[in-house]
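Good morning, and thank you for coming. Please look at the sequence and the structure as I bring them up.

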2 protein chains.
Amino acid sequence: MAKSKQVYIAVIGAGGVGRHFLHQLSILSTNYSHVSLVLVSRSSKCLFVEDFHHTLSFSTWENDLSASSQPILSPQEIIEYLVNAPGKCVVVDNTSNQTVADSYASFLRQGINVVTPNKKAFSGSYEAWRDIFSAAYSAKNPAGGLVYHESSVGAGLPIISTLKDLVETGDEVQRIEGVFSGTMSFLFNNFAPVEGKGGKWSEEVKKAKDAGYTEPDPRDDLNGIDVARKLVILARLAGLEVESTSSFPVQSLIPKELESVKGGEKFMEKLSDFDGQMEKVKSEAEGEGKVVRFVGSIDVARKDVRVGLELFEKGHPIAALKGSDNIISFYTKRYGSNPLIIQGAGAGGEVTAMGVTGDLIKVLQRMT
Amino acid sequence: MAKSKQVYIAVIGAGGVGRHFLHQLSILSTNYSHVSLVLVSRSSKCLFVEDFHHTLSFSTWENDLSASSQPILSPQEIIEYLVNAPGKCVVVDNTSNQTVADSYASFLRQGINVVTPNKKAFSGSYEAWRDIFSAAYSAKNPAGGLVYHESSVGAGLPIISTLKDLVETGDEVQRIEGVFSGTMSFLFNNFAPVEGKGGKWSEEVKKAKDAGYTEPDPRDDLNGIDVARKLVILARLAGLEVESTSSFPVQSLIPKELESVKGGEKFMEKLSDFDGQMEKVKSEAEGEGKVVRFVGSIDVARKDVRVGLELFEKGHPIAALKGSDNIISFYTKRYGSNPLIIQGAGAGGEVTAMGVTGDLIKVLQRMT
């Protein structure tokens, strides 16, 4: 194997996940000394080296970025910037930005590698998905860049790598089922705990919001779209040509009457009027000795993908989940009646960044 | 990235795991057309191509191997054979053979990559471990071969890759705990189930033996050494310099009086005389509302490694395990109070082979 050559890293997004990623990268760079940080950007600021013999500083990048008066580069301009680098490049997109996601295929076609937790590119139209993976490196397209997106499902949990291994080694994935949202996990583990009563639905949503577990407008979690996006990604990796998040049933937990209410605060005020709906579901579950959870599932043979409420026996691993943990079960031919299960925190800046950094390591290893 | 060049694969061990591996490799080779199978061996037979422009056949290797009159090659002779290959090589060791394990460092020093489920090389002396990893590829030693051994712990479950990711991305692994033996899992899930009574200890051992879940002499499972070997591997990956399986407490479930009894059959006959010992443990656990399980644990900060019986609350994931599943929990600084958990079948030819094939894919990807 040849000796490592310099690799140039451009980081788009330096907020929650991005800041943790840069911290992890600074630790990593002590072992991977051939890594140069050349660009960091966030929504309103951009910082980059003009000369690729220089690198940005891991210790002062945050102040340097704040003080920067360099122009903000569009994805296209970042490509034009990076093609001048005297070696291989990796773009790390820590945003959830659609425009950046839309440019992955262009990055990859230029041989620029892409690492990201951004779900948008992989859960958009099937055409966009095909575009990305036909631009990416393969035996037929050796000039393409590599693309890794472990943290787009389950944050740092090894979900995507495991599914890829199952498929690539010839196992038959029959069903994937799980709790894919830290917010939904937290809400239901408290609303309908295995032991005890749990609070009223609107109160649990408020608690989750106050604890920072929801988006500013909790409807952005309750509509189920975040979970649906993750299922699109997994279903495609399992071989299903899912067109988009609208091609299968996604149950929204937003009462119809509150869909068009303006603003998260207004929504929260009115939510308690509808507590009866969720209370009914909970007591029906209790009547059967079960609990209700918000899950996603993919039945590969039946091409059936769905997101919504389901009831589980109290001894089921999905019922026994704690905190805001995710759990994902892979039922496959090889694993038989007991699935391969992966469980743990599926949200949060630090564990999401870990998945991104882990992906970067894999890319760096494949470039040496 | 350069276009893929031919890669030559030598497979040592073509029994249970080996046969499944070769089947998976034949599927894989439709996507990785640059892979040539050049050598297959089992204890008493060896089959290899004399000219590296030829390859062995995936459809007839088994008959060809039976009919082969080629000499059996020692590991040293396999090295001498492979250094003549006109490209990169991978040795896949599907045995649990000590002699083959002892030769990994020699393979790696010649730039030959090693992929294996064989625990022996990684759980022997710390010096042997250091020897392997100083011979392996690194930034300082770019001429060394790569070494992957996912299936040495938990078969195809992503245990080793996950631990490596946690460590390499800078997480602090605090504790690792779990059920690491399919045999022990099966025994205790039946002997002391969460619901119900379970059978007598000696009866459960007999059932497990009859179902093929134990070694021919069940003492080879009951002595705890298999679990201890896996803990040595994980502890070392977590940064502890564990000298060997004898440097920490390993509880054997073989009654002292039966340690020197000759032969597995004799042992089985006499085991029921000692059912009282295990019954006592079970009823003590029940008295506390718990169940007993055979687990391994590593406390990284305290450098404390141990293998043996422990009691668990009935709601604990380790208590709720089913069949012969493994479960491994990683408690880390990032994951906080809820560990990252991986669970599923941790033994069996097909899932073990999957871990090996997955490793081979990673090696192939790093060679393109």
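I shall speak about the sheet first, and then about one residue at its edge.

This is a predicted model, in which local features need pLDDT of at least 70 and side-chain atom pairs count only at pLDDT 80 or more, while totals for chains, interfaces and linings use all residues. Residues are numbered from 1 along each chain as its sequence is written, chains are lettered from A and ligands numbered from 1 in the order in which they are written, and side-chain values use heavy atoms, with hydrogens and water left out.

Ten strands form an open, antiparallel sheet, in the order S9(A)-S8(A)-S7(A)-S10(A)-S11(A)-S11(B)-S10(B)-S7(B)-S8(B)-S9(B). Strands are DSSP runs (E, at least two residues), as helices are (H or I, at least four), numbered from the N terminus; two strands pair if DSSP finds at least two bridges between them. Strands S9 (304-313) of chain A and S9 (304-313) of chain B stand at the edges with a single partner strand each, so one side of each has no neighbour in the sheet.

Within chain B, six bridges join S10 (residues 325-332) to S11 (residues 340-345). There, Phe330(B) has Leu340(B) as its bridge partner.

Let us now turn to the edge. Arg306(A) is found in strand S9 of chain A. Is this residue buried or exposed? Arg306(A) counts as partly exposed, because its relative accessibility is 36% (buried is under 20%, exposed over 50%, partly exposed in between, with a 1.4 Å probe and protein chains only). Leaving aside neighbours within four places in sequence, the contacts of Arg306(A) include Leu231(A) and Phe248(A), where contact means heavy atoms within 4.5 Å.
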